[in-house]
Amino acid sequence: MPAARVRDTNGAGDVFHGAYVYSFLAYPDRTWRDHFEFARAASTFKVQRLGNEAGLPTLADIAAIWSKPIPISLAMPRISRSVLATRPESVMRLAAPWLK
């Protein structure tokens with residue numbers, strides 16, 4: 001991305017990490033590279049917006065930047081407890097509202 005399009009880098013790393021974890025949990029069949037590119041698209045959206053809340057991307061925002069199709073249901077997908085069982089406790093707490 002050209003430097004001229006970067007407006008605010010605050011929170012870009014947080015958006016990247018959150019998107020990576022989301023991608024990993026929502027699409028376990030995808031490769032690590034797919035998860036990385038998904039997260040990169042999310043942080044690309046973030047740095048083009050001023051402010052932390054304004055820079056939080058939706059799945060539609062990420063899909064507009066990322067070249068791979070995202071099976072978008074704008075609601076958080078259901079994540080089985082078995083998938084999360086091997087994840088850190090903090091991820092379990094964050095994902096708890098969407099567990100089956």
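In the predicted model, Trp32 belongs to helix α2. With a relative accessible area of 59%, Trp32 is above the 50% limit and therefore counts as exposed. The C-alpha atom of Trp32 lies 9.1 Å from that of Tyr20, a residue 12 positions away along the chain. Both residues take part in the contact between helices α1 and α2, Tyr20 from α1 and Trp32 from α2.

Helix α1 covers residues 12-26 and helix α2 residues 32-47. The axes of these two helices are 8 Å apart and make an angle of about 145°. The crossing of α1 past α2 is right-handed. On the α1 side, the contact is formed by Ala12, Val15, Phe16, Ala19, Tyr20, Tyr22, Ser23 and Phe24. On the α2 side, Trp32 is joined by His35, Phe36, Phe38, Ala39, Arg40, Ala42, Ser43, Lys46 and Val47. Sorted by class, the residues of this contact comprise 13 nonpolar, three polar and two charged. Among the nonpolar residues are Phe16 and Phe24 of α1, together with Phe36 and Phe38 of α2. The charged residues are Arg40 and Lys46, both in α2, while the polar residues are Ser23 of α1 and His35 and Ser43 of α2.

Asp8 is located in the segment before α1. The relative accessible area of Asp8 is 10%, which is under the 20% limit, so this residue counts as buried. A polar atom of the Asp8 side chain is positioned 3.0 Å from the backbone nitrogen of Asn10. When neighbours within four places in sequence are set aside, the contacts of Asp8 are with Lys46, Val47, Arg49, Leu50 and Gly51. Of these residues, Lys46 and Val47 also belong to the α2 side of the contact with α1. Asp8 is thus buried, whereas Trp32 in α2 is exposed.

The protein as a whole contains five helices and zero strands, and its elements follow the order α-α-α-α-α along the sequence. Of its 100 residues, 33% are classed as buried. Contacts between residues at least 6 apart in sequence were also examined, and 50% of them link residues at least 24 apart. The exposed surface of the protein amounts to about 6300 Å², of which carbon and sulfur atoms contribute 57%.

Methods
Residues numbered from 1 in each chain as written. Predicted model: local features only at pLDDT ≥ 70, side-chain atom pairs only at ≥ 80, totals over all residues. Heavy atoms only, no water. Helix = DSSP H or I, 4+ residues; strand = E, 2+ residues; numbered from the N terminus. Buried < 20%, exposed > 50% of the residue type's maximum accessible area, 1.4 Å probe, protein only. Contact = heavy atoms within 4.5 Å. Areas by Shrake-Rupley, 256 points an atom, 1.4 Å probe, with all protein chains shown as cover. Axes fitted to C-alpha atoms, helices over the stretch in contact; angles between N-to-C directions. Left-handed = near helix turned anticlockwise from the far one by under 90°. Polar contact = N/O pair within 3.5 Å; in protein donor to acceptor, adjacent residues only side chain to side chain.
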